[in-house]
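Visitor: Could you walk me through the charged contacts and the enclosed space in this protein? I have the model open beside me.

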Amino acid sequence: MTHAMQKGSNIPVAAVAVRAVLRWTTGAEVPDVDASALLVGADGRVRSDEDFVFYNQPRHPSGAVWRLGKKQVGEAITDAVQADLRAVPTVVDRVLVVASAEDVPFERVRDLRILLYDATSTGGSEPLAYFDVHPETGAETALICGELYRRAEGWKFRALGEGYSDGLVGLATDHGISVDENAPDQAAAPGPGPTDEQTAAMAAPTPSAPPMPPVRPAPAPPTQAPPAVEPAYGYPQPVSPVPGPGGDSAFRLPAQGPQFIRR
């Protein structure tokens, strides 16, 4: 049975792995929408920037949450994230499912809906629940469409539809992520020019140094075998076969925080 959800309502989630799909209708002047996920603690904040799964960081280090990529179905486009609830770190209290459009308000996104599926099911494509997301003002450029949250020993899903007019930057900052928006500009900014004294010193002739005596080359060190390479960390496979993150760029997280620039 599929639950048609209203804003603020919740349902229990018995599945051990779920897929949250964002779907909207394409058309002229309709912006591209991206799905992402935030893994937050009971205080509503992330532990580090690694708890943000988005287009430049498509998989959580734990392997519990990852992006699946976009598909086109008729006039609709979907983007999705999947979560293995058994692998979510115990310190994570909620997984927020987010929709964002790059600097374009959601009043221009048509028929936005979030659908929740049992990712382990092989008996059909009937969703567990769906929620039609309606922005409150229309000026939002990022929306928390729903959340998976712990309740007792299990999980529940709540329909939200909470928006941010300052996009992923505002949403990420509000949940404890350090965002570096100005790093490229800072790197490109020229430094101060030399003073008159420094210019004069650079123009002055440099006295020649006495010749150096010949140096006997040091004996070459004995050849050693290269150190063993640690095997790459292997992420667990999805519970059921799903397409990989098509078109997603490779993982890259700037040292000063994520930059929401497509690479």
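The questions and answers below go through salt bridges and then a cavity.

Visitor: How many salt bridges does a search of the whole structure find?
Guide: Happy to start there, and please keep in mind that this is a predicted model. A salt bridge here needs a side-chain nitrogen of Lys or Arg within 4 Å of a carboxyl oxygen of Asp or Glu. Searched as a whole, the structure gives a total of 10.

Visitor: Lys70 forms a salt bridge with Asp34; is Asp34 buried or exposed?
Guide: In this pair the closest N and O atoms are 2.7 Å apart. Lys70 sits in the loop between strand 6 and strand 7, while Asp34 belongs to strand 4, 36 residues away. Lys70 has 33% relative accessibility and therefore counts as partly exposed. Buried means under 20%, and because Asp34 has 2% relative accessibility, the word for Asp34 is buried.

Visitor: Which side chain meets Asp79 in a salt bridge?
Guide: Asp79 lies in strand 8, and its partner is in strand 6, so the pair ties together parts that are 12 residues apart in sequence. Asp79 counts as buried at 0% relative accessibility, and the partner counts as buried at 2%. The N to O distance is 2.7 Å, and the partner is Arg67.

Visitor: Which residues are linked with Asp34 and Asp79 in a network of salt bridges?
Guide: Two of the pairs have already come up: Lys70 with Asp34, and Asp79 with Arg67. The network contains these four residues and also Asp32. Linked with Asp34 and Asp79, then, are Lys70, Arg67 and Asp32.

Visitor: What is the N to O distance between Arg158 and Glu147?
Guide: This pair links distant parts of the chain, with Arg158 in strand 13 and Glu147 in strand 12, 11 residues apart. Glu147 is buried, with a relative accessible area of 3%. Their side chains meet in a salt bridge at 2.3 Å.

Visitor: What volume does the largest cavity have?
Guide: The count comes to 1 cavity of 30 Å³ or more. Its lining includes Val18, Val81 and Val95, and strand 3, strand 8 and strand 9 each give two or more residues to that lining. The volume is about 40 Å³.

Visitor: Which charged residue lines the largest cavity?
Guide: By class, the lining has 9 nonpolar, 1 polar and 1 charged residues. Among the lining residues are Leu116, Leu148, Gln82 and Arg19. Asp, Glu, Lys and Arg count as charged, so the residue you want is Arg19.

Methods:
Residues numbered from 1 in each chain as written. Predicted model: local features only at pLDDT ≥ 70, side-chain atom pairs only at ≥ 80, totals over all residues. Heavy atoms only, no water. Helix = DSSP H or I, 4+ residues; strand = E, 2+ residues; numbered from the N terminus. Buried < 20%, exposed > 50% of the residue type's maximum accessible area, 1.4 Å probe, protein only. 1 Å grid on protein atoms, 1.4 Å probe; cavity = no way out; pocket = protein on both sides within 12 Å on 5 of 7 lines; lining within 4 Å. Points joined across faces, edges and corners; volume = space filled by probe spheres on them.
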